[in-house]
Each structure stands twice: as structure tokens, then as C-alpha cells.
Amino acid sequence: MIFDKININGISLNNRLMVSPMCQYSANNGKPTRWHYNHLANLLNTGAGSIIVESTAVSKLGRITNKDLCLYNENHKKAHKKLINKLKKIKDIPIILQISHSGRKGSSEIPWIKKNSPLKGSKSWKTLSASPLKRDLGWPLPKEASRSEIKLIINQFITTAKLAFESGYDGVEVHIAHGYLLHQFFSPISNYRKDKYGGRLNNRIRVILEIFKGLSKIKKNKKILGARITGKDHLRKGLKEEDCIELIRKLAKLKLDYACISSGGILPKTNLKFKRGFRVNFSSKIKSKSKVLISSTGEIYPKKYVESILKEKKVDLIAVGRKFISRPKWLLGDTTINKKYKKIPKQYLRCF
Ligand SMILES: Cc1cc2nc3c(=O)[nH]c(=O)nc-3n(C[C@H](O)[C@H](O)[C@H](O)COP(=O)(O)O)c2cc1C
């Protein structure tokens with residue numbers, strides 16, 4: 001049920017709802033701005049048991065846009081530390097940072113300036129990917145990542161995770177979904193390499209496993225190690241649940257605590273159909289074959305539906321995104337929730 005507590009590697013979450021990571025494209029030189037302070041403080045008071053902070057770049061090249069949040073140097077660390085200190089004073093719930101490399105989805109224009117468009121002009125940059133394949137017509141060709149670039153990227157993920165732990169984040173979530181770099185390696189749609197990082201599944205997940213080997217060494221008690229993983233590509237020749245299950249099986253041996261199952265995004269063309277809980281069934285199938293906690297995301301709403309999924313133990317956790325912003329009180333404002341479980345700030349008690 002929603003308000004059942006859960007312990008992840010020594011950290012207690014007071015319920016099963018996580019705020020799903022949501023890019024804000026509002027950073028200043030990679031650092032959080034006043035927007036982040038307000039945005040995250042608002043999310044703290046929605047009643048969610050934990051927050052996953054937006055996709056944060058592990059390098060300058062790994063940004064989606066030039067307004068992305070970043071964490072790869074001491075300056076960034078100082079700024080993240082200040083943010084976490086402030087947020088924890090408002091409400092002390094676990095805060096996890098999603099860490100990512102955009103690959104061929106990098107050098108994009110900010111979506112509200114121009115949706116799904118490459119950045120033009122002097123501020124754009126040359127992207128890289130598993131293979132030199134465009135993300136779509138009209139996009140520049142990425143460079144195929146060399147072996148030394150792959151090594152660098154592996155180290156960058158490890159460094160960012162280390163900086164995140166030092167900044168006070170309770171965990172990191174590695175982004176292996178939505179068509180970003182690690183998904184580009186994982187999917188046969190975007191990886192045509194002939195070396196040990198391409199071809200069969202074991203090769204396509206090699207870079208991910210090498211990152212997790214490093215992460216497992218720096219992970220301590222009371223730090224959460226998660227991943228957002230694509231459960232399927234929704235394309236005939238793309239990734240299937242079985243591939244995701246195999247990846248999770250291997251990551252479980254490298255100290256993965258939870259996997260949030262998402263899907264789609266490797267190409268603009270897709271057979272994915274958005275409807276209520278469209279990922280729940282395959283997330284549940286993945287859970288039945290996995291030894292780590294499984295979360296799901298994608299139109300999992302309203303509360304009654306959320307409760308039914310958790311009651312039937314289809315997944316362990318649920319990441320909700322948009323509703324925590326468009327209807328911030330959808331969880332706490334619902335009077336059908338047993339009052340004793342309510343986690344309302346005392347200043348707001350009279351309002352419910
Ligand atoms: C504004 C916005 C930004 C997003 N940014 C991210 C992100 O940084 N990382 C990620 O994994 N998913 C991102 N997503 C996807 C959400 O985390 C979530 O999985 C998706 O919106 C489906 O859940 P929902 O129906 O509860 O919103 C974003 C979604 C939105 C609407």
C-alpha cells in the first residue's frame with residue numbers, strides 16, 4: 001500500500017511514491033538556480049516518500065541542453081551541497097540524483113524554445129554515441145565513441161556518483177532509458193559496433209556493467225544505488241523485457257537496490273501507446289524475475305489505481321511525475337487516506 005514504509009540499504013522511505021525525475025533546463029553553468037530551490041521545496045511537501053532530482057549530466061558533453069544541471073567538478077559539488085542542505089532543513093526525506101549522459105540526444109535546443117530540435121550556432125557541440133547513427137532526420141551525425149572515450153565516460157559516471165554522495169544526496173539513479181547514451185549502447189537499434197561494446201547483449205551492456213563495477217566499490221551503507229532502465233523499445237527489432245531482466249540480474253550482483261522501469265525514446269518512431277498504467281504489466285513481469293526492488297512510471301494515477309497496484313504487489317515503488325506538479329495535493333489532500341498516515345506539515349494541518 002502507498003503508506004507502507006520501505007527500507008533501501010539502511011535508508012527508510014515513509015511511503016512507496018517517489019517523485020519521478022523531471023528536467024527543468026534551468027541551471028546556470030550546470031549549477032542549481034533559485035528555480036530549483038523553489039521547485040524542489042514544493043515537491044518536498046507533496047507527501048511523496050522520496051524525490052529523484054532531474055537528469056544531471058556527468059560531463060559537459062553529456063548535457064542534453066546548455067541549461068542542464070551538471071555535477072562533475074568541485075564548483076558543482078559546492079552548489080549541490082548547498083541545495084541539499086537547504087532542502088533537508090525543510091523536510092528530511094531521501095533525495096536521489098539521477099545521473100546521465102545524453103549521447104546523441106545532446107546539443108539540443110531547450111524544448112520550450114524549440115521542441116525536438118538540435119541546437120544551432122556557436123553554442124552547439126559535436127555529440128557521440130555507441131554508433132554513428134542520427135537520432136532522427138535533421139539531426140547531426142554523432143561520432144562513434146572510441147575505446148578511450150568509453151573509458152572516460154565510465155569514470156565520469158563514477159566521479160559524479162561520488163560527488164553526489166559527498167554533496168549529501170541519499171543515492172544516485174543511473175539513467176539507462178529514454179534514448180540517452182547508456183540506452184544507445186544497450187539497444188540493438190542504436191548500437192552497430194563491431195567491438196566488445198556492440199553485437200550480442202553481453203557486449204551491449206558491457207559499458208553499463210563497467211560503470212556499476214565502479215559504483216559498487218564506492219557505494220556505502222545508507223546510500224541508494226538505483227537505475228532507470230528501459231523495459232522495452234516498443235519496436236520489432238528493439239529491446240524486450242527479457243533483455244531488461246538479464247541486465248537487472250547482472251546489476252543485482254553489483255549492488256543495485258532498485259530499478260525503475262520506463263520504456264521508449266530510442267527513436268521518435270514508436271509503437272508505444274500512452275494510456276493509464278501502460279508500463280505496469282511489463283514492469284510486474286520484470287519484478288517477478290528480479291531480485292531487486294522494482295518501480296514503474298507512466299500515468300500511474302489516481303490514488304485508487306496506485307493503491308491497487310501496490311496491494312497486488314505488481315511493483316514495489318511507483319515514480320509519479322507530472323501529477324505532483326499539476327495537482328500537488330493529489331496525495332495528501334485525499335481524505336480517504338487513513339489520517340494517521342498523513343504526513344502533512346503541521347503549519348498546513350488546519351487546511352485539510
Ligand atoms: C517535464 C518533464 C521532465 C522529465 N525529465 C525526466 C528526466 O530528467 N529523467 C527521466 O528519467 N525522466 C524524465 N521525465 C519522465 C518522468 O520522470 C516520468 O517518468 C513521466 O513523466 C511519466 O510519469 P507521469 O505520467 O507520472 O508524469 C520527464 C517528464 C516530464 C513531464
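Author: Welcome! A strand here is a DSSP run of E with at least two residues, and strands are numbered from the N terminus. The model itself is predicted. Ser107 lies in the loop between β5 and β6.

Reader: Why is 128–129 called a strand?

Author: A strand needs at least two residues of E. β6 covers 128–129, so it meets that limit.

Reader: What is the phi of Ser107?

Author: Phi of Ser107 is near 55°. That value is positive, and Ser107 is a residue other than glycine.

Reader: Why is α1 called roughly parallel to α2?

Author: The axes of α1 (residues 34–44) and α2 (residues 74–90) come within 10 Å and cross at roughly 30°. Angles under 35 degrees count as roughly parallel, so α1 is roughly parallel to α2. The crossing of α1 with α2 is right-handed.

Reader: Which residues of α1 and α2 meet?

Author: From α1 come His36, Tyr37, Leu40, Ala41 and Leu44. They meet Leu83, Lys86, Leu87 and Ile90 of α2. By class, this contact has seven nonpolar residues, one polar and one charged.

Reader: What makes Lys86 charged and His36 polar?

Author: Lys is listed with Asp, Glu and Arg as charged, so Lys86 belongs there. His is on neither the nonpolar nor the charged list, and therefore His36 counts as polar.

Reader: How do you know that β4 pairs with β5?

Author: Pairing requires at least two bridges. Five bridges join β4 to β5 (residues 95–100), so the two strands pair. β4 and β5 run parallel, and Ile52 stands opposite Ile96 in β5.

Reader: Which strands form the closed barrel?

Author: The barrel has eight strands, in the order β3-β4-β5-β8-β9-β10-β11-β12, with parallel pairing. Ignoring direction, neighbouring strands of this sheet are turned by 25° against each other on average. Strands of a sheet pair through backbone hydrogen bonds.

Reader: What surrounds the ligand?

Author: The ligand has 20 residues around it, and the closest are Ser20, Met22, Ser55, Gly321 and Arg322. β4 (50–57) and β12 (317–320) are the elements that give two or more residues to this shell. The shell divides into six nonpolar, nine polar and five charged residues.

Reader: Why does Gly321 count as polar?

Author: Residues outside the nonpolar and charged lists count as polar, Gly among them, so Gly321 falls in that class.

Reader: Which peptide bond is cis?

Author: The bond from Tyr301 to Pro302 is cis, with omega near 5°. Pro302 lies in the loop between β11 (293–297) and α9 (303–311).

How values were computed. Residues numbered from 1 in each chain as written. Predicted model: local features only at pLDDT ≥ 70, side-chain atom pairs only at ≥ 80, totals over all residues. Axes fitted to C-alpha atoms, helices over the stretch in contact; angles between N-to-C directions. Helix = DSSP H or I, 4+ residues; strand = E, 2+ residues; numbered from the N terminus. Parallel < 35°, antiparallel > 145°, perpendicular 65-115°, else oblique. Left-handed = near helix turned anticlockwise from the far one by under 90°. Contact = placed C-beta atoms within 7 Å. Near = placed C-beta within 6 Å.
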